[in-house]
Each structure stands twice: as C-alpha cells, then as structure tokens.
Amino acid sequence: MEESRSFASKVRSELAEHISKGRHCRKAELRALYEGCYHKKQDEHVFSVLSEGLTIPQKCYSLLNKAYNANPVIDRVEHENRVSVPTGGSRILKDLMKDEILERECCKRAYLRGWFLAAGTVTDPEGHYQLEIVTRTREKALFINEILRSFDIEGKITERKGNSVLYLKEGQKVVDFLGLVGATVALMEFENARIVKEVRGRINRQVNCEAANIKKTINASSRQVEEIEYIRETIGFDQLSDSLAQIARTRLEYPDVSLKELGEMMDPPLGKSAVNHRLRRLSEMAADLRAGEEKR
C-alpha cells in the first residue's frame, strides 16, 4: 500500500518515471546510472548495469533506446537484474564518458537524478532531514558535490564502510535537491511535512513556555502566601499599613491569580508593577522578622 512505502522509495519511483526530453540529458542520466551501479563483475569496456530491483534496469532500457536507438537486454544474473547492450555497448560507454556530456545545466540536473536513483536515499521528512548519495571513491563524491555547488547547494562528505558518502542535512538543501532533479511531487510532500513539523514544534515551544510561566507564577505565589502567613502569625495585619494589609488579605484569599488579576481586585485598582512592589515590601518585612527572631 502507498502508506507503507518509505519517502525515499516514493522519490525513486517518481524519478524512475521521469524521462528527459533532450537526448543529451538522457545520456547524462545514463552515465550516472552506470557509474552509480558499477559492479565488480562488469566489463569496464561494455555497457552493463546490475541492480537488485528492476527499476534501474528498466530506466536504463528506456534511456538506451531513446538516446542511442540501442537494443538492450534485461536478464537475471545470480540474484541481480542486469541491463546490457550486446552489440555496440563499448561505443555507447565511450560516448557517455565524454566531458561535454555534462556541460549543460539541464544535463547536470539529469546526472544528479541518475546518481540519486543509483545510489541515493533520503529520510522521511517527519524525522530529521538527510539526503545521501553513496559513491565508491572520494573523488567521485567530490565531483558530484562540485556539480551541486554550481546550483548553490553544497553537501558534506564522510567515509562509511569503505565508501564515500555525500550528504545534505538541512531541510532547505533537501528541498532544493528534490526540485533540481525533478521530484516535484515528493518535494511538495516534503514541504508539507516540514511545515506541519515546524508548526508543531512552534506550538510545543509555546506550550512549554506557558507551562514554565505558570510554574513560575505558582512558585512565586506559594512563596508570597508563606511570607504573608508568617507576618500574620508574628505581628498580625493590624501592624501593616492599609495598602499592605489589603494586598496581603487578597493574596491569601486568591493565591492562584496573576499579579495583573490581583491588582484589578484592589480598591482602587493597581497596576502590575504596584502590586509587585507591595508584595516585595511584604517579603522584605517577613525576612526582617525572621532575622530578628534568629537573633533572639
């Protein structure tokens, strides 16, 4: 079912169906597929691509037909599928390796598309963002990265299990790459998931901030109530000025309200800073009373 497919498989399926209009672009993508799917059992002088699935052999089959009018063959070799050109394969391979194959911008896009199909993957956008292309040599990873740089996208390279891995981590770079290689449907899915993820993160941060503020208010209120009760038990409210006695009694009656709400209950109403000032005076008074008690 569609829901069970990974995002990477959706990208590959979309790119597999993408056939460039230009013959030169078809050659560029074919070159990438050959380079990315190279296998030690291949004859380096004959066009032959091996892959576990059928997606890449079928794509190569279409590109070979459209770019060279070749008669490729798809067969099974041990546990892999192979597409090869029995006649004229050496000529095709020689043509694909010419420098001019990658001179045009559209051909560079096609080349990157072929490399992703052959050796690329991308994480589901609901999680962390990462797109990778695995190459056998660092030189090839640097070469692909140089092409990416021509589109103002720069990846990083690391070594893993004897291979060089070119990777993009930022969400915007992944989006730019998907657009570059023509995965427009996947790009929209990625962007939608990214927007939902960012909104959810913003809401979570806001909730956490509000929770922290509520906790801070509760802690402050608890401390104020404790100090006011201490004053009442030691000297009583009769020893306080009318303004302090009023704020003290109201805070004890409404321990959970904010300073703003507390001020609105005063007669006359007080602003938040005035309420805070009076509560601070009560706090200082409680501290002085405790200090005096300790001296005795």
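In this predicted model, the sulfur of C25 sits 3.4 Å from the closest cysteine sulfur, that of C106, which is too far for a bond. C107 tells a similar story: its closest cysteine sulfur belongs to C25, at 3.9 Å, and that is again too far for a bond. A disulfide would need the two sulfur atoms within 2.5 Å. The count of disulfides for the structure is accordingly zero. As for their surroundings, C25 counts as buried, with a relative accessibility of 7%, and C107 is buried too, at 1%.

Next come the sheets. One of them is open and built from three strands in the order 1-3-2, with antiparallel pairing. Strand 1 (48-51) and strand 2 are the edge strands; each has a single partner strand, so one side of each is left without a neighbour in the sheet. On average, neighbouring strands here are turned by 25° against each other, direction ignored. Strand 1 is joined to strand 3 by four bridges, the two running antiparallel, and S48 has S84 of strand 3 as its bridge partner. On the other side of the pairing, strand 2 (residues 73-77) and strand 3 (residues 80-84) are held in the antiparallel sense over five bridges. One of the pairs there is V77 with E80 in strand 3. The hairpin made by strand 2 and strand 3 has two residues between the strands, and E78 takes a positive phi near 55° in it. Helix 3 (residues 55-68) lies across strand 1, strand 2 and strand 3, and it runs at about 5° to strand 3.

The other sheet to look at is also open, with four strands in the order 4-5-7-6 and antiparallel pairing. Its edges are taken by strand 4 (120-122) and strand 6 (156-160); each of these has a single partner strand, so one side of each lacks a neighbour in the sheet. Neighbouring strands of this four-stranded sheet are turned by 25° against each other on average, with direction ignored. Strand 6 pairs with strand 7 (residues 163-168) in the antiparallel sense, over five bridges. Within that pairing, E159 finds its bridge partner in S164 of strand 7. Helix 5 (residues 105-119) packs on this sheet, where it touches strand 4 and strand 5 (131-135), and its direction makes about 80° with that of strand 5.

That leaves the nonpolar interior. The largest nonpolar core has 60 residues, and the members that touch the most others are V11, F47, L64, L112, F177 and L178. Helix 5 turns up again here, giving the most to this core with nine residues. What does L112 touch, leaving aside residues up to four places away in sequence? Its contacts are I144, I147, L148, F151, F177, L180 and V181. One of these, F177, is itself listed with L112 among the residues that touch the most other members of the core. Apart from this core lies another, made of 18 residues, among them Y230, L244, L259 and L279.

Terms used. Residues are numbered from 1 along each chain as its sequence is written. This is a predicted model: local features need pLDDT of at least 70, side-chain atom pairs count only at pLDDT 80 or more; totals for chains, interfaces and linings use all residues. Side-chain values use heavy atoms; hydrogens and water are left out. Two strands pair if DSSP finds at least two bridges between them. Axes are lines fitted to C-alpha atoms, for helices over the stretch in contact, and angles run from 0 to 180 degrees between N-to-C directions. Contact means heavy atoms within 4.5 Å. Buried means under 20% relative accessible area, exposed over 50%, partly exposed in between (1.4 Å probe, protein chains only). A nonpolar core is a set of buried Ala, Val, Leu, Ile, Met, Phe, Trp, Tyr and Cys residues joined through side-chain atoms within 4.5 Å.
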